[in-house]
Amino acid sequence: GFRHYVVNSREFNSSKLNDIEYTESYYYNKLEYIRFSSSVGKYVGYTEHGIKNAERWNNGPEVTSRRAEKERYCFRNVGNDVEAALTKS
C-alpha cells in the first residue's frame, strides 16, 4: 500500500516568537514532496508534484493560514515545552 502523512513541528531556542520556526512537511511513501517553513514564509516543493502544489498553494489562502500557525500553534505552547524540558534536565 501507499502511505501519505503530514508532520508538523516547531523548533526553538528561546521563548521569543522570532526564534521559533514552524514547519509542516508532506510525505508520500517516506519521500518528502512539499514543505512549509515559517522562516521562508511559503511552501517549497521537492518533487515535480510538490513543485506544482507549492505554486498553487502559495497563490491561495493556504499560505496565509500557514503563516498564522506559527503564532497559534508555536507561541501558545512554547511555555509548556520550556517547562517540560526544564523538569527533565
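1. Ser25 is buried, its relative accessible area being 6%. That value comes from a predicted model. Since the cut-off for a buried residue is under 20% relative accessible area, Ser25 meets it at 6%.

2. Where in the fold does Ser25 lie? Its place is in strand β2, which covers residues 20-28. Beyond the neighbours within four places in sequence, Ser25 touches two groups of residues: Tyr5, Val6 and Val7, and then Glu32, Ile34 and Arg35. Strand β1 spans 4-12, and strand β3 spans residues 31-37.

3. Which side chain makes a polar contact with that of Ser25? The partner is Arg35, and the contact is 3.5 Å. Arg35 also appears in the list of residues in contact with Ser25.

4. The chain holds three helices and four strands. Read from the N terminus, their order is β-β-β-β-α-α-α.

5. The four strands make an open sheet, ordered β1-β2-β3-β4, with antiparallel pairing. At the edges are β1 (4-12) and β4 (42-45), each of which pairs on one side only. From one strand to the next the twist averages 20°.

6. Strands β3 and β4 are paired in the antiparallel sense, and four bridges connect them. Across from Phe36 stands Tyr43, a residue of β4.

7. Helix α1, residues 48-58, packs on the sheet and touches β2, β3 and β4. The direction of helix α1 makes about 165° with that of β4.

8. Which strands does helix α2 lie across? This helix, residues 61-75, lies across β1, β2, β3 and β4. Relative to β2, the strand that holds Ser25, helix α2 runs at about 125°.

9. What share of the chain is buried? Of its 89 residues, 30% are buried, and Ser25 is one of the buried residues. The chain exposes about 6300 Å², of which carbon and sulfur atoms supply 49%.

10. A last point concerns contacts along the sequence. Taking the contacts between residues at least 6 apart in sequence, 32% join residues at least 24 apart.

Notes
Residues numbered from 1 in each chain as written. Predicted model: local features only at pLDDT ≥ 70, side-chain atom pairs only at ≥ 80, totals over all residues. Heavy atoms only, no water. Helix = DSSP H or I, 4+ residues; strand = E, 2+ residues; numbered from the N terminus. Buried < 20%, exposed > 50% of the residue type's maximum accessible area, 1.4 Å probe, protein only. Polar contact = N/O pair within 3.5 Å; in protein donor to acceptor, adjacent residues only side chain to side chain. Contact = heavy atoms within 4.5 Å. Areas by Shrake-Rupley, 256 points an atom, 1.4 Å probe, with all protein chains shown as cover. Pairing = 2+ DSSP bridges. Axes fitted to C-alpha atoms, helices over the stretch in contact; angles between N-to-C directions.
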